[in-house]
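Thanks for making the time this morning. I would like to walk through one structure with you, beginning with the overall build of a chain and ending on a single residue.

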Amino acid sequence: MKKLKSLKTTTKVDFATYFGVIAAFIVVSLLKSGGFLNRSLTGMLVPICCYIVMAVSLNLTVGILGELSLGHAGFMSVGAFSGVIAAMSLQSAIPSGWVRLVVAIAAGAAFAALAGFIVGVPVLRLRGDYLAIVTLAFGEIIKELINCLLVGVDEKGLHMAFNISGTLTIDDLGMGPGGTAIIKGAQGATGTEKLASFGAGFILVMLTLVIVLNLVRSRTGRAVMAIRDNRIAAESIGVNVTKYKMIAFITSAALAGAAGALYGLNYSSLAASKFDFNTSILVLVYVVLGGLGNIWGSIIAAAVLYILPEALRQFSDYRMLVYAIVLILVMLATNNPTIKTFLGWKSKGKEAA
Amino acid sequence: MEFLSYLISGISLGSIYAIIALGYTMVYGIAKMLNFAHGDVIMIGGYVSLVAMTSLGLPPIAAVLLAMAVCTVLGILIEGLAYKPLRGAPSLAVLITAIGVSYFLQNAALQIWGANPRVYASVAPDTLKLFDGQLSIPYVSLLTVAACVVIMIALTLFTGKTKMGKAMRACSEDKGAAQLMGIDVNRTISMTFAIGSALAAVAGVLLCSYNSTLMPTTGSMPGIKAFTAAVFGGIGSIPGAFLGGLLLGVIEAMAKAYISMQLANSIVFAVLIIVLLVRPAGLLGKYVPEKV
């Protein structure tokens, strides 16, 4: 007990976050095996894990680095489709589903990191709303490029084509008779083997937490936050702004890619249009409602808000309307200066973006 | 001849973007917020005019005026109920609220008018035939370009000459100082939202006439593109929004015609990225150097 008291507050918060996630996993697993969850809730477990990872990773960009990104779903998309390609093309080479899932997630993270690097070089030169609009632009570009992608696999290996004119079909790939199509342009990935499970989702969430929390509490993380709080001051004491911005941005992209790969392998079919601007915004809502820079806040916000439309089912057709009203009211309640003073909440000072 | 008709279609589309972008840029300039609900106000304008023309049997001009009136009231209501309480809050909080308003408007439209696309009869259905019918220009294109030019000139005069316009410019420059000079900042911001929303209604009618369909999500993509146009031209600048919108429309039409139908949006966004890398404050935006 004495030892626990001597720990720093941040360390305590971090441990509480880990234990909270583990406890939630155990409780949900027990409920699931006890048959207390209905079918739609059981189906939501893996997507919730994916969106928690998405929210935590976006929090790294928006909350910790302090740059507004409106294209985070683009990285999820890159991760999802590269993960699906990896998992499907290695079907014969690696028989074990678990190993293939790990390889797919690693591939998703690697390709998303690459995309993060390509996007980050131009994007991080800009500031504020200009940066936001360029991330939005990249998100849309990634969506349209994947919409044109045709990928198939046969005994000779991967076949890819880029359907710019809109006239190509999956038959134009020239695959052998034993070939299977993996991604069919705008139709997206079809016939994907579902490899994802709630356990895998939990492990990915824990891994993300370990990576992000350690990064934030490290020298690198402090440099990143110094850039967020005052770029010029940080630069003048010798912090390499570009380097640390890129580290945070690429880490965030890679984690989004890993989440995407898990998400992609949870559905038998998936279209690129799923990862549009609205998905980026959805994740941003989780981050802002959970609190900028607050990791456990992102986790709770992602889980609660993902379930909320389901929980509002009793309003049937009006549930999205109610969701919108809840969103506005929560923002008004948590940010209105009058209400804040009334409740005795102190203003946390400066805004991050 | 083909090129000319693509160009005209691009200019007409670009004029619609420009009208929407003008609303975006004015609101951004004064309230420093990205009003994501702007695209949905366009959609509401479209539905109101559609109902006015089909159910109430009003002539197009009356329908446009009604749509403008409804959207103006809607804009003031949105500003007063959702954005005003958040004045002084972090900009991201306001952004999320705007997204909430956008969801609300889309879902309200879904409840009222249903999810199915409605056919929208153009407000000016005929086409003008030139060069023995080789080149046909829909009247609505001409109307769009004319409306855009008129709005642009009117807005420039308004912000330059009238007292309210000057108050708007003062508020966008420095709210605190404007208040000290006796300008009612809250009223000025409400006024900006009113004008922006009225423009959105006009844009809604023209956009629906151009697309000839209308559904609850009609406004979101043009809203995003118009926002892109506003940034492209330099956000906060009225001629910038005009130029940005026009260029965006022409680039989009050309990309669709000559490069790829599928990648048209990507090409538009790629041009935006390149422009922002060369000119980080947009084409006509003022670059403000940082002072330490």
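**Chain A, then one serine in chain B**

Chain A contains 14 helices together with three strands, and I should say at once that what we are looking at is a predicted model.

Let me turn to dimensions. The C-alpha trace of chain A spans, along its principal axes, about 70 × 55 × 45 Å. For 353 residues a compact globule would be expected to have a radius of gyration near 20 Å, and because chain A comes out at 21 Å, the two agree.

What share of the 353 residues in chain A is buried? The buried residues make up 52%. As for how the chain meets itself, if we take contacts between residues at least 6 apart in sequence, 72% of them in chain A join residues that are at least 24 apart.

On the outside, chain A exposes about 15900 Å², of which 65% is supplied by carbon and sulfur atoms. Its charged side chains number 28 positive and 16 negative, and the centres of these two sets are 16 Å apart.

Finally, a local detail in the other chain I mentioned in the heading. B:Ser212 sits in the loop of chain B that runs between α8 (185-211) and β4 (213-214), and its phi is near 55 degrees, which is a positive value in a residue other than glycine. Is B:Ser212 exposed, partly exposed or buried? Its relative accessibility is 36%, and since buried means under 20% and exposed over 50%, B:Ser212 counts as partly exposed.

Notes: Residues numbered from 1 in each chain as written. Chains lettered and ligands numbered in written order. Predicted model: local features only at pLDDT ≥ 70, side-chain atom pairs only at ≥ 80, totals over all residues. Heavy atoms only, no water. Helix = DSSP H or I, 4+ residues; strand = E, 2+ residues; numbered from the N terminus. Buried < 20%, exposed > 50% of the residue type's maximum accessible area, 1.4 Å probe, protein only. Rg over C-alpha atoms; globule rule 2.2 N^0.38 Å. Contact = heavy atoms within 4.5 Å. Areas by Shrake-Rupley, 256 points an atom, 1.4 Å probe, with all protein chains shown as cover. Lys, Arg positive; Asp, Glu negative; His and termini not counted. Charge placed at Lys NZ, Arg CZ, Asp CG, Glu CD.
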